[in-house]
Amino acid sequence: MGQTIKATFTGDLLRKYGLLLALVLLCAVFASMSPVFMTERNLLNVLNQVSINAILAIGVTFVILIGGIDLGLGSYVALTGCLAALFASSGDGLFIPILLGILGGLLIGFVNGIMVTKGKLAPFIVTLGMMTIARGGALVVSDGRPISNLSPSFNAIGGTFLGIQIPVLIVLVIFLISLFVLNKTVFGRYVYAVGGNEEAARASGISVHRIKLYVYILCGALAGVAGIIQTARIETGQPNIGVGYELDAIAAVVIGGTSLSGGSGRITGTIIGALIIGVINNGLDLLNVPSYYQQIIKGLIIVGALLIDRKS
């Protein structure tokens, strides 16, 4: 009896804190292999690097919770970043570039949502097509070249405030808002309900199409925010940036415990998943592991997480 209680207690602890434990173990492994890893400068660098992926991962968490998927995130970052850079380089300062970057993401999300709900197309196909359209749009907006000479006020978004990187602070705000929306609002409950059982949600009076549309718009808007931050951080609008960003974002969501079947998952897990991906990227860089091996390792992690998801 005592052993059973102990095993149950241990199992509950692992379910609740296993992901966090995995992150701590990863940090311990890389710290033992590289003296640079645990330095303050490197840890702040990891947080800064994780910021783009974390914002994208939060957005796609909502999409996956309703049973959807978005494969175009990296291209959205490129297009919205180039849109913002175009106006930031023409002397429009700060607010118009930010506004246009976010509006660009909103429009992308709106079109995705309409195609999925009204067009009744598979999210996989819709976002695959949008990925190509957005990438082409980024090349058109930028004329195929980097957009530089951005206004100092815009570039300041990629800087620091009181010694902390502004992108990290933005992630913290988005994380807290998303946590509140998912756990404390009617909209959050509807998101889980739609992903858990779409027909039951519809029978309960939930406007399934409207919830899906809002979720894709939210995901697009957050991709716009990520595009603005990315552009400000490198002080250039790059039409070719963002390739593979969707892979890291979806990996963070899956590693964080959100089910690809929808209806189950949490934002906190997604953030820890993004940190795990960031720590792996940073640690492998410090150990001078070639980038193509890093791709293999990340692919194996995603497949492993999917297997765990399937078994659960």
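Hi everyone. Before anything else, one definition: when I say pocket, I mean an open set of grid points with protein on both sides within 12 Å along at least five of seven lines, and its lining residues have an atom within 4 Å of a point. Please also keep in mind that this is a predicted model.

With that in hand, let's go to the second largest pocket. Which helix gives the most to its lining? That is α12, with six residues. Other elements that supply two or more residues are α2, α10, α11 (245-255) and α13 (291-311), alongside α12 itself, which spans 267-286. The lining comes to 22 residues, and Q49, Y245, D248, N281 and K298 are the ones nearest the centre of the pocket. Sorted by class, we have ten polar, eight nonpolar and four charged residues. The space inside is about 480 Å³.

Now let's move from an open space to an enclosed one. There is one cavity of 30 Å³ or more in the structure, and the largest cavity holds about 40 Å³. Who lines this cavity? Going along the chain, we meet V77, A78, G81, C82, G227, Q230, T231, I234, T236, G237, Q238 and I241. Two helices, α3 (73-88) and α10 (208-234), each bring at least two residues to that lining. What about charge? The lining has no charged residues, with seven polar and five nonpolar.

You may have spotted C82 in that list, which takes us to the cysteines. How many disulfides does the structure hold? Zero. For C82, the nearest cysteine sulfur belongs to C219 and is 19 Å away. Why does C219 not bond to C82? Because 19 Å between the sulfurs is too far for a bond, given that a disulfide needs them within 2.5 Å. Are these two buried or exposed? C82 counts as buried because its relative accessibility is 0%, and C219 counts as buried because its value is 1%.

C219 also leads us to V60. Setting aside neighbours within four places in sequence, V60 is in contact with C219, as well as D70, L73, A249, I250 and V253.

V60 is in turn part of the largest nonpolar core, which has 76 residues. Together with I55, L56, I58 and F154, V60 is among those with the most contacts inside that core. Helix α2, residues 40-65, is the top contributor, giving 13 residues. As a general point, nonpolar side chains in soluble globular proteins tend to be buried together.

That's my tour. Thanks for listening, and I'm happy to take questions!

How values were computed. Residues are numbered from 1 along each chain as its sequence is written. This is a predicted model: local features need pLDDT of at least 70, side-chain atom pairs count only at pLDDT 80 or more; totals for chains, interfaces and linings use all residues. Side-chain values use heavy atoms; hydrogens and water are left out. A nonpolar core is a set of buried Ala, Val, Leu, Ile, Met, Phe, Trp, Tyr and Cys residues joined through side-chain atoms within 4.5 Å. Buried means under 20% relative accessible area, exposed over 50%, partly exposed in between (1.4 Å probe, protein chains only). Helices (H or I, at least four residues) and strands (E, at least two) are DSSP runs, numbered from the N terminus. Contact means heavy atoms within 4.5 Å. On a 1 Å grid over the protein atoms alone, a cavity is a set of points where a 1.4 Å probe fits but cannot get out, and a pocket is an open set with protein on both sides within 12 Å along at least five of seven lines; lining residues have an atom within 4 Å of a point. Grid points are joined across faces, edges and corners, and a volume is the space filled by probe spheres set on the points. Ala, Val, Leu, Ile, Met, Phe, Trp, Tyr, Cys and Pro count as nonpolar, Asp, Glu, Lys and Arg as charged, and the others, Gly among them, as polar.
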